[in-house]
Amino acid sequence: MYKTIIVEDEYYLREALSILLEMVAPEKIQVVGYAENTEEAVKLIDRLKPDLVFMDIILKRGTGFDVLSQISYKSFQLIFTTAYEEYAIRAFKFNALDYLLKPVDSEELKSAIDRLSDLGIQTTLGKQVQDLVATDYKKTPDRIILPTQEAMHVVKVGDILRCETSGSYTTFMLKDGKKIIVSKPLKHYEDILTLPHFMRVHQSHMINMQCVVSYSREGMVQMEDGSSIPISRSNKELFFKQMMPS
């Protein structure tokens, strides 16, 4: 059972999330406390030492980030709940922190709980939160965290040569020849790795545009690692436009 705290300043949202948790994961989740403002949240987390915290971003008298910067106990797994905004969500993805959009959907909640593990996020939460709080949401960070079963890999975005997806898995090919396989589809990374540096040229492929060696008008791209990547018909015009000097 995950000893769980819900940090949410709206009473009806706290109750709704609690009810949903009882519905989708009664055998996994035990809600042991609620907090509606930053001061309550800091005291509750440090006192109860939970396994899991659901954290709203905007709270009474502060934010969820204020809570995370003040707590002493950080050996818990964290799921943000938020009604907005795209830049914050983008930052969560960069730092491999889980989040749920409000109003919370029961299926998405179940999926988030299923992704929880006894190890992994607990050992790196402090650093991930530190990076998240320091992130300029409107600027692309120079690093991304790629979670695998073995470790949380911190990768420089510029070191990513290309990505290839297969079902719900994505393989990251790095410039040094290393491959990292993550259990998320390529679509998850489309709003992280964006133009002008990255482009999804095909349903199964995203490439680092700075690592293109050559390309043909027939729609094949040669990459620095020697691979040949197809460009889908719908993406040809945009690709050629990006490659042409301004």
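How many bridges does strand S16 share with S17, and in which sense do the two pair? The legends below start there and then move around this predicted model.

**View 1. A three-strand open sheet, S15-S16-S17.** Strand S16, residues 220-223, pairs with S17 in the antiparallel sense, and three bridges join them. Step back a little and you get the whole sheet: it is open, its strands run in the order S15-S16-S17, and the pairing is antiparallel. S15 (212-215) and S17 (228-230) sit at the edges, each with a pairing partner on one side only. On average, neighbouring strands here are turned by 30° against each other, ignoring direction.

**View 2. Ile229 and its surroundings.** Zoom in on S17 and you'll find Ile229, whose opposite number across the bridge is Val221. Is Ile229 buried or exposed? Its relative accessibility is 2%, so Ile229 counts as buried. Setting aside neighbours within four places in sequence, Ile229 is in contact with Arg162, Val201, His205, Ile207, Gly219, Met220, Val221 and Met223. Take His205 from that list: it is 24 residues from Ile229 along the chain, yet the two C-alpha atoms are separated by 7.3 Å.

**View 3. Phe172 meets Tyr189 edge-to-face.** This is one of six aromatic pairs that turn up in a search of the whole structure. The ring centres of Phe172 and Tyr189 are 5.0 Å apart, with 85° between the planes. Phe172 belongs to strand S11 (residues 169-174), while Tyr189 is in the loop between strand S12 (179-182) and strand S13 (198-202), so the pair ties together parts 17 residues apart in sequence. Both partners are tucked away: Phe172 is buried at a relative accessible area of 0%, and Tyr189 is buried at 1%.

**View 4. Tyr215 and Phe240, a tilted pair.** Here the centres are 5.8 Å apart and the planes make an angle of 35°. Tyr215 comes from strand S15 and Phe240 from helix H7 (residues 236-243), which makes this a link between distant parts of the chain, 25 residues apart. What about burial of the two rings' residues? Tyr215 has 34% relative accessibility and counts as partly exposed, whereas Phe240, with 17%, is buried. Include Phe239 in the frame as well, since ring pairs link Tyr215, Phe239 and Phe240 into a cluster.

**View 5. Inside the largest nonpolar core.** In soluble globular proteins, nonpolar side chains tend to be buried together. The largest core in this model has 22 residues, and the members touching the most others are Val7, Ile45, Val53, Met55, Val67, Phe76 and Phe80. Two or more residues each come from strand S1 (2-7), helix H2 (38-48), strand S3 (52-56), helix H3 (64-70) and strand S6 (77-82). Which element gives the largest share? That's H2, with four residues. For a closer look, pick Val53: leaving out residues up to four places away in sequence, Val53 touches Ile5, Val7, Ile45, Phe76, Gln77, Leu78 and Ile79.

**View 6. Two buried cysteines, Cys163 and Cys211.** Cys163 has a relative accessible area of 0%, so this residue is buried. Cys211 is likewise buried, at 0% relative accessibility. A disulfide is a covalent bond between the sulfur atoms of two cysteines. With a cut-off of 2.5 Å between cysteine sulfur atoms, the disulfide count comes to zero.

Definitions and conventions: Residues are numbered from 1 along each chain as its sequence is written. This is a predicted model: local features need pLDDT of at least 70, side-chain atom pairs count only at pLDDT 80 or more; totals for chains, interfaces and linings use all residues. Side-chain values use heavy atoms; hydrogens and water are left out. Two strands pair if DSSP finds at least two bridges between them. Axes are lines fitted to C-alpha atoms, for helices over the stretch in contact, and angles run from 0 to 180 degrees between N-to-C directions. Buried means under 20% relative accessible area, exposed over 50%, partly exposed in between (1.4 Å probe, protein chains only). A nonpolar core is a set of buried Ala, Val, Leu, Ile, Met, Phe, Trp, Tyr and Cys residues joined through side-chain atoms within 4.5 Å. Contact means heavy atoms within 4.5 Å. Rings of Phe, Tyr and Trp (its six-membered ring) pair if their centres lie within 6.5 Å; planes under 30 degrees apart count as stacked, over 60 as edge-to-face and the rest as tilted.
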